[in-house]
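Biologist: Could you take me on a close look at one part of this model, the helix α8 region and what it pairs with? I'd like the contacts, the cut-offs behind them, and how open each residue is.

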Amino acid sequence: AGLITGALVGAVVGGLVAVFRIPPFIATLGMMTAARGVALIYTDGRPISQLAPGFNWLGQGSILGIPVPVYLLVICIVVIWTILNRTRFGRHVYAIGGNRHAAELSGVKTRRVDFLIFVNMGFLAALAGLVFTARLNLAGPKAGDGFELEAISAAFIGGAAVQGGIGTIGGAIIGDLIIDMLNNGMSILGIGIE
């Protein structure tokens, strides 16, 4: 249900971008604010604890000594890399990011690709939220605040371009590792990040 909800939220954002031509950054930030408001109303501002052990396995379990989230990360990397580098849809994604007008003139159905990109991102964001919740054994309405800036920073540090069309999964992972090493190092040194 969580993954379907994430995909539906992505579909709403994709519809705003594809149909109403709202800039993606604005549509995404608007939906983030709305979703946080719904979460606060639904939970009455209180965290939900004592989640099912089967659910917690998603974030705390391991297979052959390797944590389940690592397996999920590798699966996501392989699937998304394959889609971006071995399918026509992936080429269309890069084409739209590189030059939307040229992609449209080449016959790319940019609105449909935009919509599918946001459905995919909603699904992946929901998956990340489920793993994070299972890892904490707590569903807090304010959990994950600030993660969006970390994700944007990781993408840019990893070589993604603001205007799109440039960027790789490997670059994003390296960007995230750099941010995580800085956060961890500052935590070890006792440097406050507030």
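Modeller: Here is a walk around that helix, with one salt bridge elsewhere added at the end.

Some housekeeping: this is a predicted model, where local features need pLDDT of at least 70 and side-chain atom pairs count only at pLDDT 80 or more, while totals for chains, interfaces and linings use all residues. Residues are numbered from 1 along each chain as its sequence is written, and side-chain values use heavy atoms, with hydrogens and water left out.

Let's start with the rings. The structure holds one aromatic pair, and Phe132 and Phe147 make it, with centres 5.1 Å apart and 70 degrees between the planes, which is edge-to-face. (Rings of Phe, Tyr and Trp, the last by its six-membered ring, pair if their centres lie within 6.5 Å; planes under 30 degrees apart are stacked, over 60 edge-to-face, and the rest tilted.) Phe132 sits in helix α7, residues 110-136, and Phe147 in helix α8, residues 147-157, so the pair links distant parts of the chain, 15 residues apart. Helices here are DSSP runs of H or I with at least four residues, and strands are runs of E with at least two, numbered from the N terminus. Phe132 is partly exposed at 28% relative accessibility, and Phe147 is partly exposed too, at 41%. For those words, buried means under 20% relative accessible area, exposed over 50%, and partly exposed in between, with a 1.4 Å probe and protein chains only.

Next comes the charged side of α8. Glu148 meets Arg36 in a salt bridge at 3.0 Å, N to O. Arg36 lies in helix α2 and Glu148 in α8, so this bridge ties together parts that are 112 residues apart in sequence. Arg36 is partly exposed at 27%, and Glu148 is partly exposed at 23%. The rule is a side-chain nitrogen of Lys or Arg within 4 Å of a carboxyl oxygen of Asp or Glu, and by it the count comes to five salt bridges. Another one joins Asp145 to Lys142, with the closest N and O atoms 3.5 Å apart. Asp145 is partly exposed at 33%, whereas Lys142 is exposed at 54%. Arg36, Lys142, Asp145 and Glu148 are linked in a network of salt bridges.

Helices α2 and α8 turn up again on the surface. Phe25, Ile26, Leu29, Leu149, Ile152, Phe156 and Val162 make a nonpolar patch of about 690 Å², and α2 (24-43) and α8 are the elements that give two or more residues to it. Val162 is in the loop between α8 and α9 (169-189), and counts as exposed at 70%. Patches take residues with over 30% relative accessible area and no salt bridge, joining like charges within 9 Å and nonpolar side chains (Val, Leu, Ile, Met, Phe, Trp, Tyr) within 5 Å. The areas come from the Shrake-Rupley method with a 1.4 Å probe, and for residues only the protein chains shown count as cover.

Finally, back to α7, the helix that holds Phe132. Asp114 is also found in α7, and forms a salt bridge with Arg100, the closest N and O atoms being 2.7 Å apart. Arg100 lies in helix α6, residues 100-105, so the bridge ties together parts that are 14 residues apart in sequence. Asp114 is buried at 7%, while Arg100 is partly exposed at 28%. Leaving out residues up to four places away in sequence, Asp114 touches Val17, Ala18, Ile96 and Arg100, where contact means heavy atoms within 4.5 Å.
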